[in-house]
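Please look over the structure shown here with the sequence beside it. The paragraphs that follow take up strand pairing, helix packing and the relation of the two chains in turn.

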There are 2 protein chains.
Amino acid sequence: MADYSGTAGFIVLNPWGQTVWDQIRGYLDDRFAETGVGNAYFPMLIPESLFEQEKNIIEGFDPEVAWVTHGGEEELAERLAIRPTSESIITDHMGRKVRSYRDLPLRYNQWCSVVRWEATETKPFLRTREFLWQEGHGAFPDEETAREDTHLRLEQYADLYEDVLALPAMTGRKPDHDKFPGAETTFTVETLMPDGRSIQGATPHYLGTKFAEEYDVTFTDENEQQRVAHTTSWGASWRTMGAVIMAHGDDQGLVLPPTIAPEQVAIVPIWTDEDKGEVLEYSEDLRAELEAAGVRVELDDRDHHSPGFKFNEWELKGVPLRAEVGSNEVADGTVRLVHRPDGEKVDVDRAAVAEAVAEELDAVYEKLYERAAERMDENVREADSRNEILGTIGRHGGYVRAGWCGDVDCEAEIKDQIAAEIVMVELDPDADPVSETCAVCGDSATETAYYAKTH
Amino acid sequence: MADYSGTAGFIVLNPWGQTVWDQIRGYLDDRFAETGVGNAYFPMLIPESLFEQEKNIIEGFDPEVAWVTHGGEEELAERLAIRPTSESIITDHMGRKVRSYRDLPLRYNQWCSVVRWEATETKPFLRTREFLWQEGHGAFPDEETAREDTHLRLEQYADLYEDVLALPAMTGRKPDHDKFPGAETTFTVETLMPDGRSIQGATPHYLGTKFAEEYDVTFTDENEQQRVAHTTSWGASWRTMGAVIMAHGDDQGLVLPPTIAPEQVAIVPIWTDEDKGEVLEYSEDLRAELEAAGVRVELDDRDHHSPGFKFNEWELKGVPLRAEVGSNEVADGTVRLVHRPDGEKVDVDRAAVAEAVAEELDAVYEKLYERAAERMDENVREADSRNEILGTIGRHGGYVRAGWCGDVDCEAEIKDQIAAEIVMVELDPDADPVSETCAVCGDSATETAYYAKTH
């Protein structure tokens, strides 16, 4: 889905990958639209002074920003940041848009690329200096409506994982020391990779009034009082695709859930010189019928490649179902369907093929989901001591739930030893911790922390 | 559709504008897809050395580029250009992808933003330092197939104007001195604005082998010979939206063709305290039926605004049809439809409203198209002398067709006097010029030039 490019740290999203991304985008767009969010587009470059106002919000907020200093031959009077995220420019815009409580809630989503100048090694879709994402931004009249909307986004992200990416999702909050800079609460969707590490899948933030104060998003309420808005933001990037690749892929290449596969069925005809005509005709009829039924289907009728070559190629690309058509199928009025994840073969009746394909696509989805869910279920463990946390993660990977006092130093002890961290704490802030004491220091626990290694 | 932003020279595309852009994007995506082009995404930043290889292609190619010189706190070893266009990074990529004639044609399209550091005044959608566009790039085995594809893109752009934007399109070639740097031939779609100026609507380029040579796009042909590919590129930007705004808009605001309007019908109920219930029920039924028929429709049932206020607001936004529903309509079983461009009113039968709305939307499209086509027809004139060119454009605006010797100095004489230029020459390079001599210098004419002022 990606290629390395002529710019170090940047990748090319190829058409296959772009189509997967478009499916993810389509799903989120629909969900956002039905819950009041329209798309818009904001400037890619942000003047340093506007950008740095965020410094007033949180000390030491010093993101890795790529700076534009020259336009043409001239040095700019003020350098410009390529957006690493757009709270500054969008909240500033909201400040000019919002006058009255009637203007609220005001919500925008944009699909764009952002740049974060990280020096680490490039890993397609997981660590790239430029990445594609959506960033949603909202302004609300009060904390309650802002928090509600943030929870709604968290739910939509969890649904994306569960219903579209075939990945079970855990939802929680980031510990305070790992929140988005300036946020009151950062929520997260976490999912487990086969190597035992967690992936942070998407993050909605409740930002409180800090950004709105800094960028002057104020409004006149029903009682003619001036009030400051509460803002939110929420983002999901092409890491979602990185998660899919790692979670479902195997030694033969990609494995894509039918929900996002650019092609759901690849028809591979198997012919001899004698039966080529009828095999191709049968295949083409099949293709036309599936396409009419709304299936994304391709007939691979290339002359210069063998069926075996084609099998490999479609497996590599992750197409969930292969449909084989040879003289046997033509004679019997059947089609052989082969599941990508495990090679399971099902011979189905040609006459009822559209229903059969829909069923088998669902079956492939379930297969992928179940495998990932089993992995997740088996890999959430509990631990009562520092050594147990270290040992459990060291042996099994996965998540370890443990009581936590809230002190970043206790996480540091784990992090220093095995590079695992608290990826989230329990979603409900009022829930009783899993144990009464912090597993690391033994002080009173305030939260249930989930320790894991991460990507 | 746009707002000014916190970054000088950059605009915000608001949700209404974004939805119009998405319609344009959807149309082009479908056309590109059915003619072999998939979408992809390439790095936004291009190393100077890679970017500057283009200097070998054409002397003095010195675009207004925004340069990234710092990543985080560090100065970069090599500065990076924000793409002003992506021939360099994409042709370089093609060079690594193409091995055999079987890999050709290779075509990519990307939707992205580009930055061109122009110092002129900002004009939304026409002159902005960052703009949204699509850029297509193709590699072909020979000149013939490359040129054919370029003509296909030209046709698709002309169709976009004719069939989607309600604007008649003239197609031609750019004069040599105004080609895309490095191109063999630059084609253009031109359309006329009410102020008598031409807008360059979209441009496909046949690039010959220069880019392929520079970035090493070579392949082994059927006879095992190494050959250099021929490349093309083609681009359309949000100028398309600028053209729509200027061409169709009026003193009441935007006028959008139904093809691209985010909402095609705005239902404005007109109620009194007594009949509010039944008027709203009737309106909601109407909305549901139109939506089911695939019409983009909104019911404006806001309590705190008067019908007159709503009329104005929907006019301002350019919605092509307003549907009025009051107690008369409820009693008579009708709906009053009002055309945005001219206020024409049509009372239609509620029972057959879906068909009627479809017809009236077509009628609005025709109205917009006809008005623009008439303007275009009336404003292509001929001239035989320098003074006649100057006088005709000075008096009427529009286009002047005239014989041209091909010398840029002859254009310069016109440009210096009234800032009109040759926006295109006749599409067919073998067509006889409109006159035997150049209208400016009197030498032998080789082309028919179209002089016009431009946006």
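Two strands are taken to pair if DSSP finds at least two bridges between them. With that criterion in mind, and remembering that this is a predicted model, one may begin in chain B, where strand E9 (residues 170-173) is joined by two bridges to strand E22 (residues 421-426), the two running antiparallel. Within this pairing, Gly172(B) stands opposite Glu426(B) of E22(B). E9(B) also pairs in the antiparallel sense with strand E10 (residues 185-192) of chain B, here over four bridges, and in that pairing Met170(B) has Glu190(B) as its bridge partner.

In chain A, attention may turn to an open sheet of five strands, whose order is E16-E15-E17-E18-E19 and whose pairing is mixed. Its edge strands, each of which pairs on one side only, are E16 (297-299) and E19 (345-349) of chain A, and neighbouring strands of the sheet are turned against each other by 25 degrees on average, when direction is ignored. Strand E15 (residues 265-269) of chain A runs parallel to E16(A), to which three bridges join it, and Ala266(A) is found opposite Glu298(A) of E16(A). Helix H7 (residues 276-292) of chain A packs on this sheet, where it touches E15, E16, E17 (321-325) and E18 (334-339) of chain A, and its direction makes about 170 degrees with that of E15(A). Helix H10 (residues 353-378) of chain A, in turn, lies across E15, E17, E18 and E19 of chain A and runs at about 10 degrees to E18(A).

Further along chain A, helix H11 (residues 386-396) and helix H12 (residues 408-418) have axes that come within 10 Å and cross at roughly 40 degrees, which makes H11(A) oblique to H12(A). The crossing in which H11(A) passes H12(A) is right-handed. H11(A) contributes Arg386(A), Ile389(A), Leu390(A), Ile393(A) and Gly394(A) to the contact, while H12(A) contributes Glu413(A), Ile414(A), Gln417(A) and Ile418(A); by character, the residues of this contact divide into five nonpolar, two polar and two charged.

How, finally, are the two chains related? A turn of 180 degrees, with a shift of 0.0 Å along the axis, lays chain B on chain A with an RMSD of 0.0 Å, and this is the relation of a two-fold axis. Among the residues of chain B, Val68(B) comes closest to the rotation axis, its C-alpha being at 2.1 Å. Because 98% of the interface residues of chain B are also interface residues in chain A, the copies meet through the same surface.

Definitions and conventions:
Residues are numbered from 1 along each chain as its sequence is written. Chains are lettered from A and ligands numbered from 1 in the order in which they are written. This is a predicted model: local features need pLDDT of at least 70, side-chain atom pairs count only at pLDDT 80 or more; totals for chains, interfaces and linings use all residues. Side-chain values use heavy atoms; hydrogens and water are left out. Axes are lines fitted to C-alpha atoms, for helices over the stretch in contact, and angles run from 0 to 180 degrees between N-to-C directions. Angles under 35 degrees count as roughly parallel, over 145 as roughly antiparallel, 65 to 115 as roughly perpendicular and the rest as oblique. A crossing is left-handed if the near helix is turned anticlockwise from the far one by less than a right angle, and right-handed if clockwise. Contact means heavy atoms within 4.5 Å. Ala, Val, Leu, Ile, Met, Phe, Trp, Tyr, Cys and Pro count as nonpolar, Asp, Glu, Lys and Arg as charged, and the others, Gly among them, as polar. Copies are superposed by least squares on the C-alpha atoms of residues with pLDDT of at least 70 in both.
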